Amino acid sequence: MSVDPNQFKSALKLWASGVTVVTAQSAQGAKGMTATSFSSVSLDPPQILVCLNQHTDTGAVVLQEKRFAVNILRADQEAVSNRFAGGSTQEERFAGVDWQVGDYGTPVLSCALASLECKIVNQILAGTHWIVIGEVENVICREGEPLLYYHSAYRYLKSE
């Protein structure tokens, strides 16, 4: 039995998730894209996964370079999420966003809640997306609250 695509989308809207920007470095410059398909995989060794559409330039660079960073966005970074969600060039995405090259050569957003620099240990093509599993080589944690996405809108944790 096949699931109706609209029903599937409606169900997935009910899953609250954090918002990340996945970044990678190529010879042509920094690449980045917003991604909500992110999860921890293993504590020992420390591994995470991200799902990247196979037709994105950022995804292509991640797969080519075998390194990437996941930048977990803070509650006040809606504009950063929107900027990296598409509709602009890579140069425009990074313009005006404070970032630096991390310890392992990936672009790291300086004001993200956390940044994880990773090397690819596995990649699996699943439908329209690559499931990319990365071993975490460096972690930077900062203060703040996370940006959340639920029911097609940004959400925030209630402050106590």
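# Exercises on a predicted model

In this predicted model, helix α1 (5–12) and strand β11 (147–150) each supply at least two residues of the lining of the largest pocket. Let's start there and work outwards.

## Exercise 1: The largest pocket

Task: Find how much space lies in the largest pocket, which residues are closest to its centre, and which classes the lining residues fall into.

Solution.

Step 1. Begin with the volume: the largest pocket holds about 690 Å³ of space. A lining of 18 residues surrounds this space, and the closest to the centre are Leu 12, Ser 17, Thr 36, Ser 37 and Tyr 149.

Step 2. Next, look at who contributes. Helix α1 gives the most to the lining, with three residues.

Step 3. Now sort the lining by class. Nine residues are nonpolar, seven are polar and two are charged.

Step 4. Finally, take a closer look at Tyr 149, one of the residues closest to the pocket centre. Tyr 149 has a relative accessible area of 31%, so it counts as partly exposed, since that class lies between 20% and 50%.

## Exercise 2: Aromatic rings

Task: Count the aromatic pairs, and work out what kind of pair Tyr 149 and Tyr 154 form.

Solution.

Step 1. The count comes to three aromatic pairs.

Step 2. For Tyr 149 and Tyr 154, the ring centres are 5.4 Å apart and the planes meet at 70°. A pair needs centres within 6.5 Å, and planes over 60 degrees apart count as edge-to-face. The two tyrosines therefore form an edge-to-face pair.

Step 3. Elsewhere in the chain, Phe 84, Phe 94 and Trp 99 form one aromatic cluster.

## Exercise 3: The open sheet

Task: Give the strand order of the open sheet that contains β11, and say which strands stand at its edges.

Solution.

Step 1. The sheet has three strands in the order β1-β11-β12, paired antiparallel.

Step 2. The edges belong to β1 (17–18) and β12 (153–156). Each has a single partner strand, so one side of each is left without a neighbour in the sheet.

Step 3. Zoom in on one pairing: β1 and β11 run antiparallel and are joined by two bridges. Gly 18 has Leu 148 in β11 as its bridge partner.

## Exercise 4: From β3 to β10

Task: Trace the strand pairings that lead from β3 through β2, β6 and β9 to β10, and note where hairpins occur.

Solution.

Step 1. Strand β3 (residues 29–35) runs antiparallel to β2 (residues 20–26), and seven bridges join the two. Gln 25 is matched with Ala 30 in β3, and a hairpin links β2 to β3 through two residues.

Step 2. Is β2 enclosed or open to its surroundings, and why? Six of its seven residues are buried, so β2 is largely enclosed by the rest of the structure.

Step 3. From β2, move to β6 (residues 67–72). These two strands pair in the antiparallel sense over four bridges, with Thr 20 standing opposite Ile 72 in β6.

Step 4. Strand β6 is in turn joined to β9 (residues 114–126) by six bridges, again antiparallel. Here Asn 71 has Ser 115 in β9 as its bridge partner.

Step 5. The path ends at β10 (residues 129–141), which pairs antiparallel with β9 over twelve bridges. Ile 120 stands opposite Gly 134 in β10. The two strands form a hairpin with two residues between them, and Gly 127 in the turn has a positive phi of about 60°.

## Exercise 5: Helix α2

Task: List the buried residues of helix α2, then follow Thr 58 further.

Solution.

Step 1. In α2 (residues 57–65), the buried residues are Thr 58, Gly 59, Val 61, Val 62 and Leu 63.

Step 2. Thr 58 has 0% relative accessibility and so counts as buried. Its C-alpha atom is separated by 16 Å from that of Ile 124, which lies 66 residues away along the chain.

Step 3. Just after the helix, Lys 66 takes a positive phi of about 65°.

## Exercise 6: Cysteines

Task: Decide how many disulfides the structure holds, and check Cys 111 and Cys 118.

Solution.

Step 1. The structure holds zero disulfides. For Cys 111, the nearest cysteine sulfur is that of Cys 141, 15 Å away. For Cys 118, the nearest is also that of Cys 141, at 13 Å. A disulfide needs sulfur atoms within 2.5 Å.

Step 2. Compare their surroundings: Cys 111 is partly exposed at 35% relative accessible area, whereas Cys 118 is buried at 1%.

Key
Residues are numbered from 1 along each chain as its sequence is written. This is a predicted model: local features need pLDDT of at least 70, side-chain atom pairs count only at pLDDT 80 or more; totals for chains, interfaces and linings use all residues. Side-chain values use heavy atoms; hydrogens and water are left out. Rings of Phe, Tyr and Trp (its six-membered ring) pair if their centres lie within 6.5 Å; planes under 30 degrees apart count as stacked, over 60 as edge-to-face and the rest as tilted. Buried means under 20% relative accessible area, exposed over 50%, partly exposed in between (1.4 Å probe, protein chains only). Two strands pair if DSSP finds at least two bridges between them. On a 1 Å grid over the protein atoms alone, a cavity is a set of points where a 1.4 Å probe fits but cannot get out, and a pocket is an open set with protein on both sides within 12 Å along at least five of seven lines; lining residues have an atom within 4 Å of a point. Grid points are joined across faces, edges and corners, and a volume is the space filled by probe spheres set on the points. Ala, Val, Leu, Ile, Met, Phe, Trp, Tyr, Cys and Pro count as nonpolar, Asp, Glu, Lys and Arg as charged, and the others, Gly among them, as polar.
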